[in-house]
Amino acid sequence: MKKSALTIVSLLLVMTMFLAACGGNKNNTNGGASNTPSSTPSESTEPSKAPDPVNLRVFSTFGGTDTAREAFQKALDEFTAANPHVKIENDTMSANDDGFRTKVNTDMTSGNEPDLLFYFIGTDASEIIKSGKVVPLDEVLDGDPEWKNGFAPAALEFAKHEDGKTYAIPLTGFFEGLLVNKKIFADNNIELPTDWEKMKAAVSGLKAKGIIPLSGPFDQSHYLLEHFILAAAGSESQNKGLKEAVDPNWAKGLDAMKELYDLGAFPEDAATIDLGMAANYYSEGLAAMVLEGSWAIGGLSDETKANTTVLPFPAIPGGAGTGKDVVGGFGTGFYVSKATYDDAAKKEATIALLKHLTSPATIKNIATANGGTPAAAGVEPEGMAQAVLDGFKMVSEATSVNSPIDSKVTPETFSELRANVQPVVTGKKTGAEAIDAAKKIEDAAK
Amino acid sequence: MQQLARGEQKVYKRKKINFSVGQLISYLVLFAWSLSTIYAMFWIVNNSFKVSRDVMNSSFKIAFDPVMVNYTNAFDRINIGKGYLNSLIMSGGTVLLVLLFGGLAAYVLSRFNFRGRKALFSILYASLLIPAFATVVPVYELLIKTQLVNTYFGLMFPQTAGNLTFAILVLAGYMSTIPKELEEAAFIDGCNRFTLFTKILLPISRPAFASAAIFVFLWSYNDLFSALIFVNKEAVRPIVLLLSEISSQYGTDFGLMATAVSLTVVPVLIVYLFISKYIEKGLTEGAVKG
Amino acid sequence: MMKGDRKYIVMFLLPAAAFMSVFLYYPFFKSLFLSFFRTKGFTTKTYVGLDNYVRMFSDNLLGAATLHTLELMFYVIVFQVGIALILAVLVDNITWGKGFFRTVFFFPVVISGTAIALLFVLFYNYQFGLLNTILQNLGFSKVNWLSESTALKAVAIPTVWHYVGFYFVLFLTAMTKIPSDFYEAAKLEGITGVKKTFLLTIPLIMSDIKVVITLAITGTLKVFEFIYVLTRGQNGTEVLGTYMYKKAMVDLNYGYGSTIAIYIVVFGVLLSLLANRLLKRDEITY
């Protein structure tokens, strides 16, 4: 298939040139111009000797608005400065993008794999690992004890795949939680939402004062779903996903969302805003709470950042949550592609780059920039916002640290859950109906 | 063309109507609608020179004290220059491919009599009914397998295929109005079919080529759906894609958003003012696409 | 037929035919093919017969998307085509400034829908948007322009505005082609003004109106960016295009996504046929 498609495309190209040539030396240069090679990523994999130039492509999420973008570029620059024969193409895409997973999966399965890939750890990577496109790095780790011992053991443990091997080298971890603007709460004499009753009281109180209690979008409702379901279903049930029987506690999470909605918890335009706008409302001080990840803290306005603390989402009564269940972990890491690993010339440079990018110094810089948990042992990022430190504390006191729910179910099932958030909160569907619909999608995908 | 000129002459004759109340109302309505266009453009450009807070609080005030911060941000932070370049390369390439291949096909379809010609036209009309939605998944798969996804060709090829129908129909329609005698004379002079095409057909059909080029360029330049799927990467991202991302990533930076819209719209506006004649002609000659 | 023409026919048609076969016809039939499969990425697919089609008919979201598309189509036909027709009649009757209005009215057509959608984000935003700022300055309370009851109408405004100029130019061109003898004869009979428009101009350009309505119908089926940027398909604005995108590209269910794509094609063909049937009238030739 691939070959025939290639033939067709090259045939088209040849035809273009052929026709252009037919036009002879006249002013007909159309075909030639359109045929100029575009900036296709360098795919040249011809083996070269050590001092020969090596081109590496690194694909990561450190682009666009990512707070660690500069820190990451700096780390790459350091490496190329020390190794002038290596040229790095820094290819990026925002992980917030719905298409991100598709891009990575297709890149990997189509022989267009980057040398170094920064991608999710967990079920998201299963397909790539199963197809053998990335290599286990245990040997490399064991071969360099100094490098290996630089990591926090928990971080390496988390990065292990379900088959017990380590494919991804973690950089920084993350946590998600309830970001709370303490000042708004204090100014309005409202107690922090440390349990469900206080949460409801806070929502009512804030709403009465004309402040958005909890900023969150219904379409990109990733964080809402993650926290409400975890808070109702508890860690164990959340981690099971929807493969087996439906846990009635899941529905309680959705119903709790409705309960808060009825109290006026969400922004007036929650249905049509996206994650960025929801975080903006919080950042601008229009909203008192938002469910977000550690990476969002760096992007908050200075005033809001200074007033922010991070709390675990309170347990929903009648459910199995402890009120100290947290979403977080080392969700991403560096993968080395098999093609690169088998290429003697590239392997060396790639491993060297990998070690540089996961050295305690780089980890520290990145963690400082994005507020993540450093994967290196004994590294204390500098100038951390108090909110981030509060988040670290929240994680250390947590009864469980869980991967987000969208890594437990198929993308389509998660979409179904997302699509049902609004119908549930507005009362068009019950939580149980929504979960059943999602379960049906999950079953069909088997 | 000739028809159009005739039409305009006749219009000229009818100009002798006296100015009346009806005319006054007509002008009021027409100016009101033009204002919706002109003022919207003025508003957006004007606000692109203000900081975000001023856009929110006093968007109607004229920016007598323009700030350039949005423009430096647009180029530094969202790399709008690169987006431009990508758009120009891909849309320009699409136009060239469409005109070249479409021109050749239109030449054959309009000047040759052969079996199956009618059938080919039917197929062409039928392909107008295939929206991009109906081809996107297999095209995406094909692009991935041929490693063309996220390269300039990855957008150019599908867009070329998508726009060829329109171009062929417009060009063939125009070419069929060119008198046969011209060609026959040239043929006797020893031109072969190819030189006939480049020396006779091409120069005469320039207006049709121009209008087809403009529309293909616009549709390609403005096509968010294909860009979203085929070239969604920083290195090759066209400007429409940047625009769609800005609203979510810089959702409250209204100044930056105004600047991004201005930067996309103003160059098009300037070019448009120079070529608007061709566009209207193109529409007259073959409006087949919505 | 000249000697050796066959060679040229093939040679000149081949590139266009190749491009269209590879990137248009083959993918279209492949979509049809895929609609009978349950897919997992591009790697695995299982034949499921008509499962996707069965699912399609019980898919409430698809039904809703169809209704929203039809509602949008209604606005487009009534307002886009209607306003374009009114403007064209007005411009046809004025003495100076024709060129100016042509240029200005057509201008939005050349702007990308994404840019226009972004402009309307600035207008509609609940917290910071232009409209609500004006309301607050006037002492009113804020309005959620993109609420469940109004979102589709709010999205329809930029959609309509975008392409009015396109149809306007088509109508105007059609009108300038009407031979002036017609008008002179009508004048002698005392038919002028509004009467002239309804009795003469509109019947004479009926065939163009038909074309425009067909274009408006197929155009509405392609609406994507306004919804993608303005509402993300929430609050009753999901249309067929955005829903297909979600199923195929976000959910990665290529099989079901293809099924929806086929549905869009069939829906479009049926609507065009229906429109042609309804508007079938003896065309006036002159």
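Which residues have the most contacts inside the largest nonpolar core? Hold on to that question for a moment, everyone, because the model in front of you is a predicted one, and I would like to show you around before we get back to it.The answer is B:Ile168, B:Leu171 and C:Phe171, and the core they belong to has 184 residues. So you can see from those names that residues of chain B and chain C both appear in this core. Helix α7 of chain C, residues 151-176, gives the most to this core, with 17 residues. From chain B, the core draws at least three residues from each of domain 1 (2-66) and domain 2 (73-285). As a general background note, nonpolar side chains in soluble globular proteins tend to be buried together.

Let's stay with one of those names. If we leave aside the neighbours within four places in sequence, C:Phe171 is in contact with C:Ala84, C:Leu85, C:Ala88, C:Ile205 and C:Asp208. There is also a second, separate core, with 75 residues. Chain A appears there: A:Ile190, A:Ile229, A:Ala296 and A:Phe313 are included in that second core.

Now for chain B as a whole. How many helices and strands does chain B have? It has 14 helices and zero strands. Reading from the N terminus, then, you meet one α after another. Of the 290 residues in chain B, 52% count as buried. The contacts also reach along the sequence: among those between residues at least 6 apart in chain B, 77% join residues at least 24 apart.

How confident is the prediction here? The mean pLDDT of chain B is 80, with 87% of its residues at 70 or more. Which elements of chain B have the lowest and the highest mean pLDDT? Helix α1 (residues 2-13) has the lowest, 42, and helix α5 (residues 80-111) has the highest, 91. Please keep that start of the chain in mind when you look at the picture. Over residues 1-17 of chain B, pLDDT stays under 50, and the model has 14 contacts beyond four places in sequence for that stretch.

Next, the two domains. The domain assignment splits chain B into domain 1, residues 2-66, and domain 2, residues 73-285. Where they touch, 11 residues of domain 1 are in contact with 12 residues of domain 2. On the domain 1 side, α2 (21-47) and α3 (52-57) of chain B each supply at least two residues. Helix α2 of chain B gives the most to that side, with four residues. Sorted by class, the domain 1 side has seven nonpolar, three polar and one charged residues.

From domains we move to chains. The contact between chain B and chain C takes 84 residues from chain B and 80 residues from chain C. Which helix of chain B supplies the largest share of the side that touches chain C? That is helix α14, residues 254-285, with 14 residues. By class, this side of chain B has 52 nonpolar, 24 polar and eight charged residues.

Let me finish with a few single residues you can find for yourselves. A:Asn189 has a positive phi of about 55 degrees, although it is not a glycine. You will find A:Asn189 in the loop between α9 (182-187) and α10 (196-208) of chain A. Is A:Asn189 buried or exposed? A:Asn189 counts as exposed because it has 8 C-beta neighbours inside 10 Å.

C:Arg232 also has a positive phi of about 55 degrees and is not a glycine. C:Arg232 lies in the loop between α11 (225-230) and α12 (240-250) of chain C. Here the count is 22 C-beta neighbours inside 10 Å, so C:Arg232 counts as buried.

Now look at C:Gly113, in helix α5 (residues 113-124) of chain C. C:Gly113 counts as buried because it has 24 C-beta neighbours inside 10 Å. Beyond its neighbours within four places in sequence, C:Gly113 is in contact with B:Asn222, C:His162, C:Glu225 and C:Phe226. C:Gly113 and C:Phe226 are 113 residues apart in sequence, yet their C-alpha atoms are 6.5 Å apart in space.

Last stop: B:Ala208, in helix α11 (residues 206-221) of chain B. With 25 C-beta neighbours inside 10 Å, B:Ala208 counts as buried. Its C-alpha atom is separated by 9.9 Å from that of B:Gly103, 105 residues away along the chain. Thanks for listening!

Technical notes:
Residues are numbered from 1 along each chain as its sequence is written. Chains are lettered from A and ligands numbered from 1 in the order in which they are written. Domain bounds come from an automatic or database domain assignment. Two residues are in contact if their C-beta atoms, placed from the backbone, lie within 7 Å. Ala, Val, Leu, Ile, Met, Phe, Trp, Tyr, Cys and Pro count as nonpolar, Asp, Glu, Lys and Arg as charged, and the others, Gly among them, as polar. pLDDT is the predictor's confidence in each residue, from 0 to 100. A nonpolar core is a set of buried Ala, Val, Leu, Ile, Met, Phe, Trp, Tyr and Cys residues joined through C-beta atoms within 7 Å. A residue is buried if 20 or more other C-beta atoms lie within 10 Å of its own, exposed if 12 or fewer, and partly exposed in between; C-beta atoms are placed from the backbone.
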